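Open the model in your viewer and keep the selection tool ready. We will go from one selection to the next, with a short look at each stop.

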Amino acid sequence: MFGKRGSEGNGKSGALASAAPPPVQAAAPVAPILKEPLQDDGRQSLAPPPLAPAPGPKKRPQRTESYYDTKAQVFSALIDTIDLSQLSKLDGESAREEIRDIVNDIITIKNFAMSISEQEELLEDICNDVLGFGPLEPLLARDDIADIMVNGAGQTFIEVGGKTIESDIRFRDNSQLLSICQRIVSQVGRRVDESSPICDARLPDGSRVNVIAPPLSIDGPALTIRKFKKDKLTLDQLVKFGAITPEGATILQIIGRVRCNVVISGGTGSGKTTLLNCLTRYIDTDERVITCEDTAELQLQQPHVVRLETRPPNIEGEGEITMRDLIKNCLRMRPERIIVGEVRGAEVFDLLQAMNTGHDGSMGTIHANTPRECLSRMESMIAMGGYTLPAKTVREIISNSVDIIIQAARLRDGSRRITHITEVMGMEGDVIITQDLLRYEIDGEDERGKLIGRHVSTGIGKPHFWDRARYYNEERRLAQALEELEKKSK
C-alpha cells in the first residue's frame with residue numbers, strides 16, 4: 001500500500017522488539033513458522049471485544065487510538081504464534097507473505113471488525129514492524145523527503161522542499177522507537193542504549209543516521225535521518241534546479257578534473273555532501289581514491305576507491321579510531337586523492353599536509369557560512385588540535401594547500417544554491433588573499449515568497465588555476481565558460 005523501499009530494504013529483516021536474527025538472502029525449505037495451529041481458545045483470546053467499524057472512510061493521517069489498540073493486540077498474538085527462528089531463514093519477500101497470511105488468520109479468528117483498506121493498512125504496518133523499520137518505512141520510501149526527525153514516539157517531522165513539516169507518523173511507544181534505533185545501528189556494528197546513548201550510523205542506501213537515547217534525550221529517543229536520494233544528483237540536475245548556472249557547472253567540472261584541492265563550505269543541510277558527490281564524478285577512472293568518513297556516505301563511481309570509516313570507542317572506552325588516525329594511515333596507502341567526508345577538528349592539519357605533499361585533487365567539507373569564515377575555521381581547528389605554530393605559518397599552510405572554496409547555502413525559502421566559487425590566491429602580509437570567480441546575488445522575492453537571484457561573474461578572465469587547466473588541456477573550455485558567464489552577468 002505504501003510501496004517498498006526497493007531491493008536495498010526488503011532483504012534486511014531486522015529483529016522484532018526482542019531481536020530476531022536477520023534472514024539470509026536465499027530462501028530454503030523450512031519447517032512451518034507457526035509455533036502451533038491458530039486456535040480460538042482461551043489462551044489466544046484477546047481481552048477487548050470486537051471493535052466497531054470506523055464511522056466513514058478516514059484519511060491515513062487521522063488514525064485513531066482504536067487502530068493502534070487493534071494493532072497492538074494483533075501484534076502480540078503474532079509474536080505468540082510465529083516462530084522467529086524459522087522466519088529468519090526466509091528471504092524478505094517470502095517472510096512478508098508468511099506474516100500477511102498469519103495476520104489475516106488472526107484477524108479472522110479474533111473477529112475484528114475492519115474494512116478492507118484498514119486491514120491492508122494494518123498488514124503493511126505489521127510487516128514493516130517485523131521486517132523493516134516500522135513506521136519509518138513509508139517515509140523512507142518517499143524520495144522527496146530530505147530529513148526525518150523523530151522527537152520521541154509521538155512526534156515526527158520531515159523536511160520536504162526545504163521546509164520542515166510535521167508528519168502523521170508515530171510509534172507505539174518509546175520502547176518500539178528505541179528497538180528500531182537499535183536495529184538500524186546494529187547493521188553497521190554499533191550500539192545504542194543507556195550506557196552508550198549517542199550513536200552515528202547509516203542505512204543501507206547511505207543515508208546518515210544519528211540517535212540520542214534516554215537518559216540524555218528526556219522525552220524519549222531522538223532519531224535523525226539525513227536521507228539520500230535513490231538516484232544520485234549530478235551537476236546537470238543541479239543546473240536544472242537552479243543551484244548553479246551551466247557555465248558555473250562547467251567550471252566545477254574543470255575544477256574536479258584538473259585536480260584542484262577543494263574545500264566545500266556550507267551550513268547544516270546546505271548540500272555539501274551532495275555537491276562533493278557531484279564533483280567526484282569528474283575524477284579520472286585510473287586514479288586511486290581513498291575516502292575517510294565518520295559514517296560512510298559518499299558514493300563514488302570510480303573503479304579504484306578505498307572507503308575508510310572511523311570507529312567509536314567500545315563500552316570500556318577503548319578501541320576508538322579517529323579521523324586523524326584514518327588520514328594518517330591513508331597516506332601510507334599510496335592515494336592519489338584523499339576525500340574527507342567532513343572535517344570537524346584537528347584532522348584538518350593532516351588533510352592540509354596531504355594536499356601540500358603530492359596528493360593534488362583532495363577534497364573535504366567544512367561547516368562555515370562564507371568562504372572567508374571557512375578559512376578562519378580551518379585556522380581555529382588547527383589551534384584546537386594543540387599546535388603552537390605562529391598564526392602566519394598556519395595561514396601560509398592553508399593558502400599553499402587549498403586552491404578552491406565552494407560555498408553552498410540553503411536560503412530562507414528552502415532552496416539550495418552554490419553562492420560562491422572562490423580561489424585562494426596566496427598571502428599578502430599576514431592575510432590570505434581570495435578572489436571570487438562566481439557569486440550568487442539575491443534581487444528580491446516573488447509573490448509566493450520564493451527568492452529571486454542570479455549567478456554573476458566577477459570579471460576574472462584568467463583564474464589562478466589557469467596553468468593547471470592548461471596542463472590538463474582544459475584552458476579553452478574554462479575560458480569559454482568564464483566568457484559566457486560574464487556575458488550573462490551584464
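Start with isoleucine 406 and isoleucine 421. Isoleucine 406 stands opposite isoleucine 421, which is in β13. Keep in mind that this is a predicted model.

**Stop 1: β12 and its partners**

Now select strand β12, residues 404-410. Is β12 largely enclosed or not? Of its 7 residues, 6 are buried, so the rest of the structure largely encloses β12.

Add β13, residues 416-428. β12 and β13 pair in the antiparallel sense, and 7 bridges link them. Together they make a hairpin with 5 residues between the strands. Click on glycine 414 in that hairpin: this glycine takes a positive phi near 95°.

Next, add β7, residues 262-266. β7 and β12 run parallel, joined by 5 bridges. Pick out serine 265 here. Opposite serine 265, in β12, stands glutamine 407.

**Stop 2: the sheet of 9 strands**

Zoom out. β7, β12 and β13 belong to an open sheet of 9 strands. What is the order of the strands? Trace β9-β8-β10-β11-β7-β12-β13-β14-β15, and expect mixed pairing. Then go to the edges: β9 (305-309) stands at one and β15 (451-457) at the other. Each has a single partner strand, so one side of each is left without a neighbour in the sheet. From one strand to the next, the twist averages 25°.

Stay with β9 and select β8, residues 289-293. This pair is parallel, with 5 bridges. Which residue is the bridge partner of glutamate 293? Look in β9 for glutamate 309.

**Stop 3: two helices on the sheet**

Select helix α11, residues 323-330. Helix α11 lies across β8, β9 and β10 (337-340). Its direction runs at about 170° to β8.

Now select helix α14, residues 391-401. Helix α14 also packs on the sheet, where it touches β13 and β14 (431-445). The direction of α14 makes about 120° with that of β13.

**Stop 4: the sheet of 6 strands**

Move to another open sheet, made of 6 strands. Follow the order β3-β2-β1-β6-β5-β4; here the pairing is antiparallel. At the edges you find β3 (163-167) and β4 (198-202), each pairing on one side only. The twist averages 15° from one strand to the next.

Select β1 (residues 145-151) and β6 (residues 222-226). They run antiparallel and are joined by 5 bridges. Click on valine 150, then on leucine 223 in β6: they stand opposite each other.

**Stop 5: threonine 250**

Select threonine 250, which sits in helix α9, residues 246-257. Is threonine 250 buried or exposed? Its relative accessible area is 18%. Buried means under 20%, so threonine 250 is buried. Show its contacts: leaving aside residues up to four places away in sequence, threonine 250 touches Arg477 and Ala481.

**Last stop: confidence**

Colour the model by pLDDT. The protein has a mean pLDDT of 81, with 84% of its residues at 70 or more. Then select residues 1-32, where the pLDDT is below 50. The model gives this stretch 73 contacts beyond near neighbours in sequence. Select residues 41-61 too: pLDDT stays under 50 there as well. For residues 41-61, the model has 27 contacts beyond four places in sequence. Where pLDDT is low, do not read the predicted coordinates in detail.

Definitions and conventions. Residues are numbered from 1 along each chain as its sequence is written. This is a predicted model: local features need pLDDT of at least 70, side-chain atom pairs count only at pLDDT 80 or more; totals for chains, interfaces and linings use all residues. Side-chain values use heavy atoms; hydrogens and water are left out. Two strands pair if DSSP finds at least two bridges between them. Helices (H or I, at least four residues) and strands (E, at least two) are DSSP runs, numbered from the N terminus. Axes are lines fitted to C-alpha atoms, for helices over the stretch in contact, and angles run from 0 to 180 degrees between N-to-C directions. Contact means heavy atoms within 4.5 Å. pLDDT is the predictor's confidence in each residue, from 0 to 100. Buried means under 20% relative accessible area, exposed over 50%, partly exposed in between (1.4 Å probe, protein chains only).
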